Amino acid sequence: MKIYINDESFSYDVHSLVKAFFQDDDVIIEKISADDSDFVFKMEDIEVSLNAENEERSFFKNRIKREIYSALSKYTGKKLPWGTLTGIRPTKIPMGLINDGVSDDDVAEYMKDTYYVSDEKTKLSIDIAKRERAIINRLSGTNGFSLYIGIPFCPTTCMYCSFTSYPIIKWKKRVDEYIAAVKKEIDYVRDNLSDKVIDTVYIGGGTPTTLEPEQFDDLIGYLRSNLDLSKCQEFTVEAGRPDSITEEKLIALKRNGVTRISVNPQTMNEETLRLIGRNHTVKQFREVFALAKKYFDNINTDLILGLPGESEKQVSYTFKEIEKLAPESITVHSMAIKRAAHMDEYLKNHPEIKSVNSPEMMDMAAKCADNLGMSAYYLYRQKNMSGNYENTGYSLPGKEGIYNILIMEEVQTIIACGAGTVTKRVYGDGRIERCDNVKDVALYISKIEEMIDRKRQLFKD
């Protein structure tokens, strides 16, 4: 499918919106020549032409998207739950309006009139924005920051994964060398941000629990010895894969002051686990989860809707089994098929196997959370997301993942250490600047001084 457009600055928004209606099609943007004052969108027998004269660009962009949405909705008979919204942080809109003193009713009207968001998603985004706001107001604002440490190793690579990760078996002998490089970044934080408050620490991946207990002692012990964590409100380690977790590792995490962990089955169906490359069983997950309960009272579980071949029956089973375990929070991801992930190629080669999400599946997630006494506390979206839905975090009161809120709402600086991580500096006026670390582990280790200098340049004033 081709979209002909004469102003390429609108390409991303138009492409994302059209792709939401035609998820199984390749959508290509093609530049055409036309009068500069006109925006033209064509698809088969549909044509939208708009004149931008004397109209602010942001308002014009939203008008374009509404016109395209209306045309495609009529053409396909579909309505998208998030309307014309194609960004990944829909709660930022109600959050900004609420901060400006706008009433809930007026926020809802704005969401529906400007973006054609459904009543259900409008209410969800407002409710979450209010919960997030209450949590953010407890933190240190621009006088604080969060620290992220990336561990880019995994037991194996899952079919759906597009994150930076490397098989631990190939890097086992160099993990200590990697930790030594991360320590140098921690030294930079110690020497240059000692006047700031650390609100949260998050160790993610990859799979952090590919580290051995003594390596956790080394890394987290060094972090605690060099940084003031006395006001830290949350210390999370994404334990992740059940096949990487042992009791000795859980004890090491507890010993080092970790307050929250995530143990992620993704599904409770054996056949799906084998298909997506998760080298653990459902029984193993249950055993590891019970073990984790001995040491932690704040455990999250990640689940994915839209895994290949899973119907509502399999999804219903997963949520029923999770209810029996009663974690403190669950994060429900709608599958987003990335070109960098093996799943993209797999689904193209196996057209009989589908990645399907549905309103009923999303309702199952919300019902499971409600049965466990949880409320939705954050959400975000991605391109090419199954069913055009969202990823939602649910938790018991007081068990919210604070770092998850901060990474989505971009209201606080996040210092990121490790290969493939991105540091975001948030200024007092809301401006955001970034610097990244190289993804390749060997290159990260060899160029660690350059990685630190990138941070030095970002924070030089």
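E410 turns out to be buried in this predicted model, with a relative accessible area of just 11%. That value falls under the 20% cut-off, so the residue counts as buried. E410 is found in the loop that runs between helix 15 (402-409) and strand 15 (413-417). Its backbone is a bit of an oddity too: phi is positive, at about 55°, although E410 is not a glycine.

A326 also has a positive phi of about 55° without being a glycine. This residue belongs to the loop between helix 12 and strand 12 (329-334). A326 is partly exposed, with a relative accessible area of 33%. One further backbone feature turns up at G205 and G206, where the peptide bond from the one to the other is cis, with omega near 10°. G206 lies in the loop linking strand 8 (197-205) with helix 8 (213-226).

Next come the aromatic rings. Searching the whole structure gives 14 aromatic pairs. Take Y178 and Y444: their ring centres are 5.4 Å apart and their planes meet at 45°, so this pair is tilted. Y178 sits in helix 7 (residues 175-192) and Y444 in helix 16 (residues 441-446), so the pair ties together parts that are 266 residues apart in sequence. Both Y178 and Y444 are buried. They also belong to one aromatic cluster, along with F153, Y166 and W171.

Rings show up with charged partners as well. R431 lies over the face of Y427, at 3.7 Å from the ring centre. In the case of K254, the charged end sits over the ring of F296, and the distance to the ring centre is 5.5 Å.

Then there is the matter of empty space. Rolling a probe the size of a water molecule over the atoms reveals where such space is left. The structure holds two cavities of 30 Å³ or more, and the second largest cavity has a volume of about 40 Å³. Strand 11 (299-305) and helix 12 (312-325) are the elements that give two or more residues to the lining of this second largest cavity. Its lining is made up of Q266, T267, L303, I304, L305, E310, V315, T318 and F319. Sorted by character, the lining residues of the second largest cavity come out as five nonpolar, three polar and one charged.

Methods
Residues numbered from 1 in each chain as written. Predicted model: local features only at pLDDT ≥ 70, side-chain atom pairs only at ≥ 80, totals over all residues. Heavy atoms only, no water. 1 Å grid on protein atoms, 1.4 Å probe; cavity = no way out; pocket = protein on both sides within 12 Å on 5 of 7 lines; lining within 4 Å. Points joined across faces, edges and corners; volume = space filled by probe spheres on them. Helix = DSSP H or I, 4+ residues; strand = E, 2+ residues; numbered from the N terminus. Nonpolar A, V, L, I, M, F, W, Y, C, P; charged D, E, K, R; others polar. Phe/Tyr/Trp six-rings, centres within 6.5 Å; stacked < 30°, edge-to-face > 60°. Buried < 20%, exposed > 50% of the residue type's maximum accessible area, 1.4 Å probe, protein only. Lys NZ or Arg CZ within 6 Å of the ring centre and 35° of its normal.
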